[in-house]
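Reader: I've got a model open and I'd like to know what backs up the labels people put on it. Can we go through them one at a time?

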Amino acid sequence: MSIKNILGVIIVLLGILAGLFIGVWFMLMGGIVQIVEAIKSNPVSTCNLFIGLVRFTFSSVVGWSVGASIVGYGISLLDK
């Protein structure tokens, strides 16, 4: 197994972890927290509420996009 293959496997694993982190923690959980904070504020912050809803709605798309792009690069490093 060459260094290129090992690096490819590491990048694939990091891509999976990055996709999960960005999709679940940053977008999904961050969106929920932002929605709750926007509703708790007095007066209700509609801009923060909207941005929180957009983050929550597109969390899976962003997570898959980030993960797939990094995993795709890692797969390209692997020998055929």
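Reader: Where do K40 and E37 lie, and how many residues apart are they?

Author: Both sit in helix 1, 3 residues apart, which is about one turn of the helix. Keep in mind that this is a predicted model.

Reader: What makes K40 and E37 a salt bridge?

Author: The closest N and O atoms of the pair are 3.5 Å apart. The cut-off is 4 Å between a side-chain nitrogen of Lys or Arg and a carboxyl oxygen of Asp or Glu, so the pair qualifies. In general, side chains of opposite charge can pair when their charged atoms come close. The structure holds 1 salt bridge.

Reader: And are those two side chains buried or exposed?

Author: K40 has a relative accessible area of 60%, and exposed means over 50%, so K40 is exposed. E37 comes in at 44%, between the 20% and 50% limits, so E37 is called partly exposed.

Reader: Why is Q34 called buried?

Author: Its relative accessible area is 17%, and buried means under 20%, so Q34 makes the cut. Q34 is also in helix 1. Setting aside its neighbours within four places in sequence, Q34 touches N48, I51, G52 and R55.

Reader: What about F21, how is that one classed?

Author: F21, another residue placed in helix 1, has 48% relative accessibility; exposed would need over 50%, so F21 counts as partly exposed. F21 and G67 are 46 residues apart in sequence, yet 9.4 Å apart in space, C-alpha to C-alpha.

Reader: G67 brings us to helix 3. How do you know that the length of helix 3 makes sense?

Author: Helix 3 covers residues 59-77, which is 19 residues, and at 1.5 Å a residue it should span 27 Å. Its end C-alpha atoms are 28 Å apart, so the two values agree.

Reader: Which residues of helix 3 are buried, and why say that they line one face?

Author: The buried ones are S59, G63, G67, V71, G74 and L77. Looking down the axis of helix 3, they fall within an arc of 90°, so they line one face of the helix. What covers them includes helix 1 (3-40) and helix 2 (46-57).

Reader: What is the peptide bond between N42 and P43?

Author: That bond is cis, with omega about 0°. P43 belongs to the loop between helix 1 and helix 2.

Reader: Let's zoom out. Which elements does the protein have, and what makes it more spread out than a compact globule?

Author: There are 3 helices and 0 strands, running α-α-α from the N terminus on. The radius of gyration is 17 Å, whereas the globule rule gives 12 Å for 80 residues; 17 Å is well over that, so the protein is more spread out than a compact globule. Along the principal axes, the C-alpha atoms fill a box of roughly 60 × 15 × 10 Å.

Reader: How much of the chain is buried, and what share of the contacts is between residues 24 or more positions apart?

Author: Buried residues are 26% of the 80. Among contacts with a separation of 6 or more, 74% come from residues 24 or more positions apart.

Reader: Last one: what is the accessible surface made of?

Author: About 5,600 Å² is accessible, and 79% of that belongs to carbon and sulfur atoms.

Technical notes:
Residues are numbered from 1 along each chain as its sequence is written. This is a predicted model: local features need pLDDT of at least 70, side-chain atom pairs count only at pLDDT 80 or more; totals for chains, interfaces and linings use all residues. Side-chain values use heavy atoms; hydrogens and water are left out. Helices (H or I, at least four residues) and strands (E, at least two) are DSSP runs, numbered from the N terminus. The expected span of a helix is 1.5 Å times one less than its number of residues. Buried means under 20% relative accessible area, exposed over 50%, partly exposed in between (1.4 Å probe, protein chains only). The arc is that of the directions from the helix axis to the C-beta atoms. Contact means heavy atoms within 4.5 Å. The radius of gyration is taken over C-alpha atoms; the globule rule is 2.2 Å times the number of residues to the power 0.38. Accessible areas come from the Shrake-Rupley method with a 1.4 Å probe; for residues, only the protein chains shown count as cover.
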